Every structure is written in structure tokens, then in C-alpha cells.
Amino acid sequence: MRQDAAKRRYDDACAATHGMDIIGERWALPIMRELMLGPRRFGELRRSLPAISANVLIQRLEGLEAGGIVRRTKLPPPAAVQVYGLTEWGQQAGPVFQALGRWASRSPLHDPTRPFSPISLLLSLRTMIDVAAAGDAVLRLGFRYGDEQFHWTIDRGAMALGRGLPADPHIVFGGETGGVAALLYAGVPLEQLESDGMLTIEGDRALAARLSTFFPMPEKARIT
């Protein structure tokens, strides 16, 4: 271990604190988030995290790889390119992201209008949906952002998300990821978001307009 990294360790037997030793470096969590739906190329990670420098991304990937969280592999021909993906243990951090997201969404300082990557948006939907409010709903939502396509579905409480559009989608969203967040989390009218160029929609408009009822935002915590 490098001496500077050793100095930043908490030297504490608490397992939660040790977890911060492993993934507490700046940008480590966003990198893991972007790998939750499968391996990605270095350039794809850069595009999803535009504020990170190439050098820092390399350093964080190396650190996560050394910690057993990320694995570097090479795709078979004809792609034959190097990709980074989460190990099985790294993937098991998914519920940690959900719990942290639900807790942090109550912060009065949280700004949901800041940029969302497409993967961040899908993980957010999985975290923030009220399964009881959705009830027996069957939803097949697609998302199209540039050359990337994703799906998020719920079938009587069972959720699935991943790459590629769903079969026979009820709705396909496009535009900006923040447009979907504004529709579902803030209840901004669909027509306003379309007029502002933040959202495009194909499919059931009436269903899209009432989706926000499945995503009630938690009450903000009081800071006294």
C-alpha cells in the first residue's frame, strides 16, 4: 500500500468504517454506480462522469481493482477492447447504494435538478419507487439517450433494469435524464418538459402523466 493511502486509513475495526477505507476515495462510488449495469469501456466511463479527469479515473479504477471490487477484462473479437466491470462482491454493494440514496434524499441540501447519468437515473428509479403505491402495476419503461438504450420494468412488485429497450414498452423516454426526474420526482407537467426540450416521449402519455404517484418524495429532515 502506498504510504499516502495508508495515512488516509481510519485504523478502526468497525466494518462500516473499513468500508469507507475501501470505497471512500473521491469518485469511487460514482464509478461503481456506473458499473452496476455491466462492464464499460474507459471512454464510456469518462462520458458518464464528465467532471473526472482521465488521470483520476485511472487511479480510482486501479484502487478499486486492487481492492477486489473492479475486474478488468477484454471483450472477445470482434470487439477485442478492454472493459471494467464489478466483481461479484462489488455488485453486492447495490443495496448499500439504495439505502444511502434513500437516506440522502431527505437532506435539505440535496439538489435533484443536478445532472443525472442514464445509469444513475435507472438506479434512482429502483431506489425511490414506492412499491405499495405501485401495487399490482405492470410497467415497461424504455429510455433512449444518444446511442445508449435502457429498460426499467416492474411487474407486481418485481423490478428489473438493464441495457436495451424492453419488449413492447408502454413508454420510451428521451431528451435529458433530468426531464424524467422532473416528471417523476417533482411532478413537472409533461407538456412543460416537452416544450422546454427536456423530455421526449413515445407511448402512453396518460400513464406517463401519472407515474409520479409511484415516486412520492420523502419528507426532508429537519435541521435544528
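Begin by selecting L64, which, leaving aside residues up to four places away in sequence, touches I22, I23, A28, I31, M32, I69 and V70. The model in your viewer is a predicted one, and every stop on this tour should be read with that in mind. L64 sits in helix α5, residues 54-66, and because its relative accessibility is 3%, under the 20% cut-off, it counts as buried. If you then add L29 to the selection, you will find a residue 35 places from L64 in sequence, with the two C-alpha atoms 10.0 Å apart in space.

From here, move to helix α2, residues 15-23, and colour its buried residues, which are T17, D21 and I23. The buried residues of α2 pack against α3 (28-34) and against α5, and I23 is also one of the residues that L64 touches.

Continue into the loop between α2 and α3 and select W27. Its phi is near 80°, a positive value in a residue other than glycine. Most residues other than glycine have a negative phi, and most peptide bonds are trans. Is W27 buried or exposed? With a relative accessibility of 18%, W27 counts as buried, because the cut-off is 20%.

For a second positive phi, go to the loop between β5 and β6 and select D168, where phi is near 50° although the residue is not glycine. D168 is exposed, with a relative accessible area of 60%.

A further backbone feature is found at P77 and P78, where the peptide bond from the one to the other is cis, with omega near 10°; P78 itself lies in the loop between β1 (70-74) and β2 (82-86).

Next, display the open sheet of 5 strands, whose order is β5-β4-β3-β6-β7 and whose pairing is mixed. Which strands stand at the edges? They are β5 (158-163) and β7 (199-203), and each has a single partner strand, so one side of each is left without a neighbour in the sheet. On average, and ignoring direction, neighbouring strands of this sheet are turned by 15° against each other.

Within the sheet, zoom in on strand β6, residues 171-175, which is joined to β7 by 5 bridges, the two strands running antiparallel. Here F173 stands opposite I201 in β7.

Now bring helix α8, residues 118-128, into view: it packs on the sheet, touching β3 (138-145), β4 (148-155) and β5, and its direction makes about 5° with that of β4.

Select F143 and its surroundings, and, again leaving out residues up to four places away in sequence, you will see contacts with L121, L122, L125, E148, Q149, F150, W152, L165, F173 and V180. F143 is also among the residues with the most contacts inside the largest nonpolar core, a group of 55 residues, and I31, W152, F173, L211 and F215 are listed with it. In soluble globular proteins, nonpolar side chains tend to be buried together.

For the last stop, keep α8 on screen and add helix α7, residues 94-104, which packs with α8 at an angle of about 75°, their axes being 9 Å apart. The two helices are therefore roughly perpendicular to each other. Where they meet, select Q98, G101 and R102 in α7 together with R126, T127 and M128 in α8; by class, this contact has 1 nonpolar, 3 polar and 2 charged residues.

Definitions and conventions: Residues are numbered from 1 along each chain as its sequence is written. This is a predicted model: local features need pLDDT of at least 70, side-chain atom pairs count only at pLDDT 80 or more; totals for chains, interfaces and linings use all residues. Side-chain values use heavy atoms; hydrogens and water are left out. Two strands pair if DSSP finds at least two bridges between them. Helices (H or I, at least four residues) and strands (E, at least two) are DSSP runs, numbered from the N terminus. Axes are lines fitted to C-alpha atoms, for helices over the stretch in contact, and angles run from 0 to 180 degrees between N-to-C directions. Contact means heavy atoms within 4.5 Å. A nonpolar core is a set of buried Ala, Val, Leu, Ile, Met, Phe, Trp, Tyr and Cys residues joined through side-chain atoms within 4.5 Å. Buried means under 20% relative accessible area, exposed over 50%, partly exposed in between (1.4 Å probe, protein chains only). Angles under 35 degrees count as roughly parallel, over 145 as roughly antiparallel, 65 to 115 as roughly perpendicular and the rest as oblique. Ala, Val, Leu, Ile, Met, Phe, Trp, Tyr, Cys and Pro count as nonpolar, Asp, Glu, Lys and Arg as charged, and the others, Gly among them, as polar.
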